[in-house]
Amino acid sequence: MAEASAIHPTPPAATVADVMHPPVTTVEQNDHVAGAAYLMKRAGATALVVTQAQTREPVGIITEADISHLVADGKNPNDVRIYQLMTTRPTVVSTTTSIRDAARVMTSGRFRHLPVMGGPGLVGIVDITDICRALLDAPQAAQEPLPDR
């Protein structure tokens with residue numbers, strides 16, 4: 001008699017590579033915040049990864065929430081540079097990070113966006129909606145409760 005797991009093998013865990021948004025839209029830290037807002041609108045993005053000009057390595061992240069707080073404080077996005085507003089040294093994940101591990105990182109750090117690093121460097125970004133959708137679409141067997149940490 002064959003084992004049930006041999007008949008119906010468990011599919012490999014989904015990774016952030018399966019749900020990330022490539023290519024990721026980036027900005028440089030000396031750009032104006034108004035330019036970042038324009039790029040977000042054009043790209044349909046809710047966050048942009050801020051890269052170092054020479055190396056293209058991520059040095060920060062700027063989100064639509066950052067920009068809305070700036071405007072709510074009465075500041076002009078044309079007068080503020082991205083480096084003045086961005087979150088520095090963003091937490092990143094690799095393409096092989098599981099969806100569940102990304103969810104843990106996001107909830108523990110209270111992040112809504114995670115840049116994704118791969119072989120050539122920055123390869124994408126995932127947001128909380130991507131992660132929730134992937135967890136909701138996961139097969140029922142894989143939906144055991146997350147352990148408290």
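Colleague: How much space lies in the second largest pocket, and what makes a residue part of its lining?

Modeller: In this predicted model, the second largest pocket holds about 270 Å³ of space. A residue belongs to a pocket's lining if it has an atom within 4 Å of a pocket point, and 15 residues line this pocket, with I61, T63, T87, F111 and R112 lying nearest its centre. The elements that give two or more residues to this lining are β3 (58-63), α4 (64-72), β4 (87-88) and β6 (113-118), and β6 gives the most, with 3 residues.

Colleague: How do the residues of that lining divide into nonpolar, polar and charged?

Modeller: The lining of the second largest pocket divides into 6 nonpolar, 5 polar and 4 charged residues.

Colleague: Why is S98 called buried?

Modeller: The relative accessibility of S98 is 17%, and buried means under 20%, so S98 counts as buried. S98 is found in the loop between β5 (93-94) and α5 (99-109), and, leaving aside its neighbours within four places in sequence, S98 is in contact with A14, T15 and V16.

Colleague: What makes the pairing of S98 with the backbone nitrogen of D101 a polar contact?

Modeller: A polar atom of the S98 side chain lies 2.9 Å from the backbone nitrogen of D101, and the distance cut-off for a polar contact is 3.5 Å, so the pair is within the limit on distance.

Colleague: D101 also appears in a salt bridge with R104; what makes that pair a salt bridge?

Modeller: The side chains of D101 and R104 meet at 2.7 Å, N to O, and a salt bridge requires a side-chain nitrogen of Lys or Arg within 4 Å of a carboxyl oxygen of Asp or Glu, so the pair qualifies. D101 and R104 both lie in helix α5, 3 residues apart, which is about one turn of the helix.

Colleague: Why is D101 called partly exposed?

Modeller: The relative accessible area of D101 is 36%, and partly exposed covers what lies between the 20% and 50% limits, so D101 is placed in that class. R104, in contrast, is listed among the buried residues of α5, together with I99, A102, A103 and M106. What covers the buried residues of α5 includes α2 (16-19), β6, β7 (121-127) and α6 (128-137), and the helix is followed by R110, whose phi is positive, near 60°.

Colleague: How many salt bridges does a search of the whole structure find, and how do you know that E28 and R56 form one?

Modeller: The search finds 2 salt bridges. The side chains of E28 and R56 meet at 3.2 Å, N to O, and the cut-off is 4 Å, so this pair also counts as a salt bridge. The pair links distant parts of the chain, since E28 is in strand β1 (residues 26-28) and R56 is in the loop between β2 (47-51) and β3, 28 residues apart.

Colleague: What are the relative accessible areas of E28 and R56, and why is each called partly exposed?

Modeller: E28 has a relative accessible area of 31% and R56 has one of 39%; because the class runs between 20% and 50%, E28 is partly exposed, and R56 is partly exposed.

Colleague: What share of the residues in the protein is buried?

Modeller: Buried residues make up 33% of the 149 residues, in a protein that has 6 helices and 7 strands.

Key:
Residues are numbered from 1 along each chain as its sequence is written. This is a predicted model: local features need pLDDT of at least 70, side-chain atom pairs count only at pLDDT 80 or more; totals for chains, interfaces and linings use all residues. Side-chain values use heavy atoms; hydrogens and water are left out. On a 1 Å grid over the protein atoms alone, a cavity is a set of points where a 1.4 Å probe fits but cannot get out, and a pocket is an open set with protein on both sides within 12 Å along at least five of seven lines; lining residues have an atom within 4 Å of a point. Grid points are joined across faces, edges and corners, and a volume is the space filled by probe spheres set on the points. Helices (H or I, at least four residues) and strands (E, at least two) are DSSP runs, numbered from the N terminus. Ala, Val, Leu, Ile, Met, Phe, Trp, Tyr, Cys and Pro count as nonpolar, Asp, Glu, Lys and Arg as charged, and the others, Gly among them, as polar. Buried means under 20% relative accessible area, exposed over 50%, partly exposed in between (1.4 Å probe, protein chains only). A polar contact is a pair of N or O atoms within 3.5 Å; within protein, one must be able to donate a hydrogen and the other to accept it, and residues adjacent in sequence count only if both atoms are side-chain atoms. Contact means heavy atoms within 4.5 Å.
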